[in-house]
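Got the viewer open? Load the model, switch to a cartoon view, and keep the selection box handy.

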Amino acid sequence: MSTAAAEETATTSSSPTAIERRGIPAAAFVEDVQTYLNQSGLDVNSALAFLQERLQQYKLVEMKLLAQQRDLQGKIPDIEKCLDIVSTLQARKDTGEALAADFEVSEGIYSRALIEDTDSVCLWLGANVMLEYSCDEARDLLQKNLENARASLDVLIADLQFLRDQVTVTQVTIARVYNWDVHQRRIRQSPSGKIPDIEKCLDIVSTLQARKDTGKALVADFEVSEGIYSLARIEDADSVCLWLGANVMLEYSCDEAKDLLQKNLENARASLDVLIADLQFLRDQVTVTQNAPR
């Protein structure tokens with residue numbers, strides 16, 4: 001499934017208030033992991049990879065916004081300082097008092113100068129451009145630049161807060177998908193997941209025993225490799241091989257295999273009953289805790 005399709009599915013799974021902000025896509029909070037995977041057509045690994053990629057994209061955007069924020073936070077004091085200087089020059093005008101100032105002639109070298117009445121100043125605009133303005137024009141321009149810088153900083157702060165919210169939602173969603181997958185694996189490995197497999201093995205052994213000495217072969221499909229099957233005829237069989245896990249397979253007579261499988265089935269059902277009782281006890285404790293007065 002394409003990334004665009006995954007994004008569309010994630011958006012439909014999120015709350016209706018999730019919107020894009022200035023090109024930053026809103027993160028979708030996945031309430032039901034199974035529904036999300038079904039709608040997106042992704043498996044767990046693909047979903048986690050997509051979410052991790054989106055998280056890295058958020059982190060990259062956050063780095064860029066933080067750099068812009070630092071630049072603006074450095075520019076605002078400079079603009080305020082320039083405004084103060086222009087205001088001081090205007091206040092000293094026509095008073096007959098010269099303004100003493102230290103000028104940087106070269107790096108680390110300063111010279112004292114007296115500024116008499118002046119009607120204009122030169123503003124450094126960047127890109128090796130400096131223009132002369134009257135004091136009133138310079139003050140208006142600096143005031144406008146200061147207002148724009150403060151407004152841009154407010155927008156950046158809001159963008160960063162929105163972005164951090166999306167990072168948090170994405171991290172929570174990753175945790176939910178991962179925990180859901182762990183839970184599903186545990187279910188498959190739990191007694192409730194093993195019981196049907198044991199019952200199926202018991203049926204097969206019973207069928208082999210019933211067919212013995214009847215002269216009727218049992219026709220079965222064997223999986224030779226993943227997705228590849230071969231048809232085989234099983235004649236009279238006195239033994240079967242049982243997969244015990246941990247790369248261990250042992251051969252048993254049909255009677256021994258049946259007894260072992262029956263014992264495993266009884267143990268699995270008993271373990272399942274204990275687990276169900278434990279879960280019910282745990283739910284009761286959760287209910288009591290939630291309803292306890294605070």
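**Stop 1: helix α3**

Start by selecting residues 44–92, helix α3: its 49 residues should span 72 Å at 1.5 Å a residue, and the end C-alpha atoms are indeed 72 Å apart, so the two figures agree. The expected span is 1.5 Å times one less than the number of residues. Helices here are DSSP runs of H or I with at least four residues, strands are runs of E with at least two, and both are numbered from the N terminus.

A word on ground rules: this is a predicted model, where local features need pLDDT of at least 70 and side-chain atom pairs count only at pLDDT 80 or more, while totals for chains, interfaces and linings use all residues. Residues are numbered from 1 along each chain as its sequence is written, and side-chain values use heavy atoms, with hydrogens and water left out.

Now step just past α3 to D94, which takes a positive phi of about 65 degrees. T95 sits in the loop between α3 and β1. T95 counts as partly exposed because its relative accessibility is 41%; the scale is buried under 20% relative accessible area, exposed over 50%, and partly exposed in between, with a 1.4 Å probe and protein chains only. Draw a distance from T95 to E116: their C-alpha atoms are separated by 9.7 Å, with their positions 21 residues apart along the chain.

**Stop 2: the hairpin**

Select 99–106 and 109–115. Strands β1 and β2 pair in the antiparallel sense over seven bridges (pairing takes at least two DSSP bridges between two strands). Which residue of β2 stands opposite A101? That is A113. The two strands make a hairpin with two residues between them, and G108 in the turn has a positive phi of about 85 degrees. While you have the strands up, try showing side chains: in a regular strand they alternate between the two faces of the sheet.

**Stop 3: two more positive phi values**

Most residues other than glycine have a negative phi. Go to N128, in the loop between β3 (120–126) and β4 (129–134). Phi of N128 is near 60 degrees, a positive value in a non-glycine residue. With a relative accessible area of 72%, N128 is exposed.

Then jump to R22, in the loop between α1 (3–13) and α2 (33–40). R22 is not a glycine either, yet has a positive phi of about 50 degrees. Its relative accessible area is 57%, so R22 is exposed.

**Stop 4: along helix α4**

Select residues 135–189, helix α4, and pick out D154. At 52% relative accessibility, D154 counts as exposed. Its C-alpha is separated by 9.4 Å from that of Q69, although the two are 85 residues apart along the chain.

Next on α4 comes T170. Is T170 buried or exposed? Its relative accessibility is 3%, so T170 counts as buried. Show the neighbours: leaving aside residues up to four places away in sequence, T170 touches A27, L51, L55 and Y58, where contact means heavy atoms within 4.5 Å. A polar atom of the T170 side chain also lies 2.8 Å from the backbone oxygen of Q166.

Further along, Y178 is in helix α4 too. Y178 counts as partly exposed, at 48% relative accessibility. Its C-alpha and that of V44 are separated by 7.7 Å, with the residues 134 apart along the chain.

**Stop 5: helix α6 and the cysteines**

Select 254–291. Helix α6 has 38 residues and reaches 55 Å from its first C-alpha to its last, close to the 56 Å expected at 1.5 Å a residue. Colour its buried residues: C254, A257, L261, L265 and A268. C254 counts as buried because its relative accessibility is 5%, whereas C82, at 33%, counts as partly exposed. How many disulfides are there in the whole structure? The search finds zero, taking a disulfide as a pair of cysteine sulfur atoms within 2.5 Å.

**Last stop: zoom out**

Show everything again. The protein chain has six helices and eight strands, running α-α-α-β-β-β-β-α-α-β-β-β-β-α from the N terminus on. Of its 294 residues, 25% count as buried. Among contacts between residues at least 6 apart in sequence, 55% join residues at least 24 apart. The accessible surface comes to about 20,300 Å², of which 52% belongs to carbon and sulfur atoms; areas come from the Shrake-Rupley method with a 1.4 Å probe, and for residues only the protein chains shown count as cover.

Terms used
Polar contact = N/O pair within 3.5 Å; in protein donor to acceptor, adjacent residues only side chain to side chain.
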